[in-house]
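Here's a walk through one chain, written for someone who would rather look at the model than at a table. Keep the structure open and follow along.

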Amino acid sequence: LNPQVKNINIIYIGQKLNLPDGISYYIVGTGDTLSRIAARFSTTWQELMKLNPEIKNANLIYVGQKIKLQ
């Protein structure tokens with residue numbers, strides 16, 4: 001799905017990866033906000049909040065945090 005990735009141990013912040021159908025996740029990077037992540041994946045921050053009930057404050061996410069996208 002990602003022939004541009006030559007080494008599976010090296011990916012970069014902001015790099016776009018193709019994901020298989022089904023439940024997918026995004027790992028929060030430096031400078032990410034829930035709104036930016038939502039825009040990147042054509043959804044809303046409110047929908048991401050519904051999918052991720054462990055997030056209690058939309059303004060408080062962490063680098064390395066796994067966000068469910070669907």
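What is the mean pLDDT of the chain, and what share of its residues reach 70 or more? This is a predicted model, and its mean pLDDT comes out at 89, with 97% of the residues at 70 or more.

## Confidence, element by element

Let's start with how the confidence is spread. Of the chain's elements, helix H2, residues 45-51, has the highest mean pLDDT, at 95. At the other end of the ranking sits strand S1, which has the lowest mean, 89.

## Overall layout

The chain has two helices and two strands. Go along the sequence and they come in the order β-α-α-β. Strand S1 covers residues 25-27, helix H1 covers 34-40, helix H2 covers 45-51 and strand S2 covers 66-68.

If you trace the C-alpha atoms, the chain spans about 35 × 25 × 20 Å along its principal axes. The chain has 70 residues, and 24% of them are buried. Now take the contacts between residues at least 6 apart in sequence: 42% of these join residues at least 24 apart.

## The nonpolar core

Which residues make up the largest nonpolar core? There are 11 of them: Tyr26, Val28, Leu34, Ile37, Ala38, Leu48, Met49, Ile55, Ile61, Ile67 and Leu69. Two elements, H1 and H2, each supply two or more of these residues. H1 is the top contributor, giving three.

Leu34 is a good residue to click on here, as it belongs to this core. Skip its neighbours within four places in sequence, and Leu34 is still in contact with Trp45, Leu48, Met49, Ile55, Ala58, Ile61 and Ile67. Several of those partners turn up in the core list too, including Leu48, Met49, Ile55, Ile61 and Ile67.

## The largest pocket

Next, the empty space. The largest pocket has a volume of about 440 Å³. It is lined by 14 residues, and those closest to the pocket's centre are Ile11, Gln15, Leu17, Tyr26 and Ile27. Tyr26 is worth a second look, since this residue is also listed in the largest nonpolar core.

Which element gives the largest share of the lining? That would be strand S1, with three residues. Sorted by class, the lining has nine nonpolar residues, three polar ones and two charged ones.

## Before the first strand

Two residues in the segment before S1 make handy landmarks: Ile13 and Gly14. Is Ile13 buried or exposed? Its relative accessible area is 65%, which is over the 50% cut-off, so Ile13 counts as exposed. Gly14 is exposed as well, at 59% relative accessibility.

Now for some distances. Ile13 and Thr30 are 17 residues apart along the chain, and 7.5 Å separates their C-alpha atoms. For Gly14 and Leu60, 46 residues apart along the chain, the C-alpha separation is 19 Å.

## The loop between the helices, and the chain's tail

Ser42 lies in the loop between H1 and H2. What is the phi of Ser42? The angle is positive, about 55 degrees, even though this residue is not a glycine. Ser42 is also exposed, with a relative accessible area of 70%.

Finally, head for the segment after strand S2, where you'll find Gln70. Why does Gln70 count as partly exposed rather than buried or exposed? Because its relative accessibility is 48%, between the 20% that limits buried and the 50% that limits exposed. In sequence, Gln70 is 29 residues from Phe41, and the two are 9.9 Å apart in space, C-alpha to C-alpha.

Definitions and conventions: Residues numbered from 1 in each chain as written. Predicted model: local features only at pLDDT ≥ 70, side-chain atom pairs only at ≥ 80, totals over all residues. Heavy atoms only, no water. 1 Å grid on protein atoms, 1.4 Å probe; cavity = no way out; pocket = protein on both sides within 12 Å on 5 of 7 lines; lining within 4 Å. Points joined across faces, edges and corners; volume = space filled by probe spheres on them. Helix = DSSP H or I, 4+ residues; strand = E, 2+ residues; numbered from the N terminus. Nonpolar A, V, L, I, M, F, W, Y, C, P; charged D, E, K, R; others polar. pLDDT = per-residue confidence, 0-100. Core = buried A, V, L, I, M, F, W, Y, C linked by side-chain atoms within 4.5 Å. Buried < 20%, exposed > 50% of the residue type's maximum accessible area, 1.4 Å probe, protein only. Contact = heavy atoms within 4.5 Å.
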